[in-house]
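Here are some notes for you to read next to the model. Please keep the viewer open while you go through the points.

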Amino acid sequence: MARSIETNWSVGIAGSFTFRFNRLDTVARTSNTQALVLYSLRKQFITAVNGTTYFPGERYILNHQLSYSYFPDKFWGLGKVAPDQNEEAYTFRQYYVYLHLQRKLKERFFGGILYEYQRLLAVDHQPGGLFDQLDVVGRDPYYISGAGLSLTYDTRNNAFAPDQGSLMQVFFNHFSPWFGSQFRYTAYAVDLRRFVRLYRQQVLAVQAYAQFNAGNVPLRSLASFGGSNSMRGFYDGRFRSKNQLVLQAEYRVPIVGRIGAVGFLGLGNVGDHLRDLNLQELKYSYGGGLRVALNRKERLNLRVDYGWGFGESTSHGLYFQLGEAF
């Protein structure tokens, strides 16, 4: 069972598998694969397999995600100003594939290649509504395919809930007819994370995340604001644009046995141009939650969060998920 603002409660089957190629390998972190089939109270259907495989000595790391979604969703427009009264329902069906293979260059440094494929089989929206009025790219069925490169510095001491170390990752992904894509554009991202162990196993986790797009970017590839992992309290997609910048922090405190608690806050914005990522119409969120350790050795937690989002309007919601937000 799971819950988010976008899906309400979902029921189905979910499993998480952790493994090591060599138990005596003190370098490689624990690999994981998660599989799920969910059906929500909002008649959304999602099936997915995703995870991270750390090969012996962490000479290679493979991130993968494969999914199919039938998803009644909501749309409020594009940009940092999207009034509540603009809300419009639409439904999409989508196949998605993401593969990211990294190779160790030197200690804790990795160079990578990545591939992304997305096929929108259907986008059902109101004729003459907001999608048509704004001439939204990707409001009809489409497909994209792109490849890119990454550079990563990773000193995190755990795959699920690190309490020490940093992650610094930059990548770009270029979508072009050369790769079989219907649209031509380039996506860039910067993901910076820091984990600091404080008093009696209390942990401060901080993340700065930026996403930039250049070119003819379709609907489902735009920077999407909100969700269970970023700016909790906002509906994922409440604000969409070509670019976004998010800063968030979380304070994690063990309570007793397998139970812990967290408090979190975030600041962020979206915009069609880089100059739009400013303090005007700034969005912020905060909240708290509980953690239940399902696997204490590997630090795999069940996450229960409640978040509030503030900006042009106020929103809030409950999250019931597996694993940390970041």
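**Notes on the model**

1. Leaving aside neighbours within four places in sequence, T152 is in contact with Q102, R108, F109, F110, L167, M168 and Q169 (contact meaning heavy atoms within 4.5 Å). T152 sits in strand β8, residues 142–154; strands here are DSSP runs of E with at least two residues, helices are runs of H or I with at least four, and both are numbered from the N terminus. T152 counts as buried because its relative accessibility is 3%, where buried is under 20% relative accessible area, exposed is over 50% and partly exposed is in between, for a 1.4 Å probe and protein chains only. The side chain of T152 also makes a polar contact with the side chain of Q102, at 3.1 Å. A polar contact is a pair of N or O atoms within 3.5 Å; within protein, one must be able to donate a hydrogen and the other to accept it, and residues adjacent in sequence count only if both atoms are side-chain atoms.

2. Ground rules before going on: this is a predicted model, with local features needing pLDDT of at least 70 and side-chain atom pairs counting only at pLDDT 80 or more, while totals for chains, interfaces and linings use all residues. Residues are numbered from 1 along each chain as its sequence is written, and side-chain values use heavy atoms, with hydrogens and water left out.

3. R108, one of the contacts of T152, deserves a look at its backbone. R108 is in the loop between β6 (88–106) and β7 (109–124), and has a positive phi of about 75° although it is not a glycine. Most residues other than glycine have a negative phi. With a relative accessible area of 27%, R108 is partly exposed.

4. E281 is another non-glycine with a positive phi, about 55°. Its place is the loop between β15 and β16. E281 is partly exposed, at 42% relative accessible area.

5. Which residues does N269 touch, once its neighbours within four places in sequence are set aside? The list is K80, F225, N243, Q244, L245, D276, L277, N278, Q280, E281, L282 and K283, so E281 from the previous point is among them. N269 itself belongs to strand β15 and is buried, with a relative accessible area of 3%. Its side chain reaches the backbone oxygen of Q280 at 2.9 Å. For a long-range check, N269 and S69 are 200 residues apart in sequence and 27 Å apart in space, C-alpha to C-alpha.

6. Now the second largest pocket, which holds about 560 Å³ of space. On a 1 Å grid over the protein atoms alone, a pocket is an open set of points with protein on both sides within 12 Å along at least five of seven lines, a cavity is a set of points where a 1.4 Å probe fits but cannot get out, and lining residues have an atom within 4 Å of a point. Grid points are joined across faces, edges and corners, and a volume is the space filled by probe spheres set on the points. This pocket has 22 lining residues, with A161, Q201, P254, R299 and N301 lying nearest its centre. β14 (243–256), β15 (259–271) and β16 (283–295) each supply at least two lining residues, and β15 gives the largest share, four.

7. What is the mix of residues in that lining? Ten are nonpolar, four polar and eight charged, with Ala, Val, Leu, Ile, Met, Phe, Trp, Tyr, Cys and Pro counted as nonpolar, Asp, Glu, Lys and Arg as charged, and the others, Gly among them, as polar.

8. F160 lies in the loop between β8 and β9 (165–175) and counts as buried at 11% relative accessibility. Beyond neighbours within four places in sequence, F160 is in contact with T18, N32, E298, R299, L300 and E324. R299 is also one of the residues nearest the centre of the second largest pocket.

9. As for closed space, the whole structure has one cavity of 30 Å³ or more. The largest cavity holds about 40 Å³ and is lined by R20, F21, N22, D25, A28, R29, Y54 and P56.
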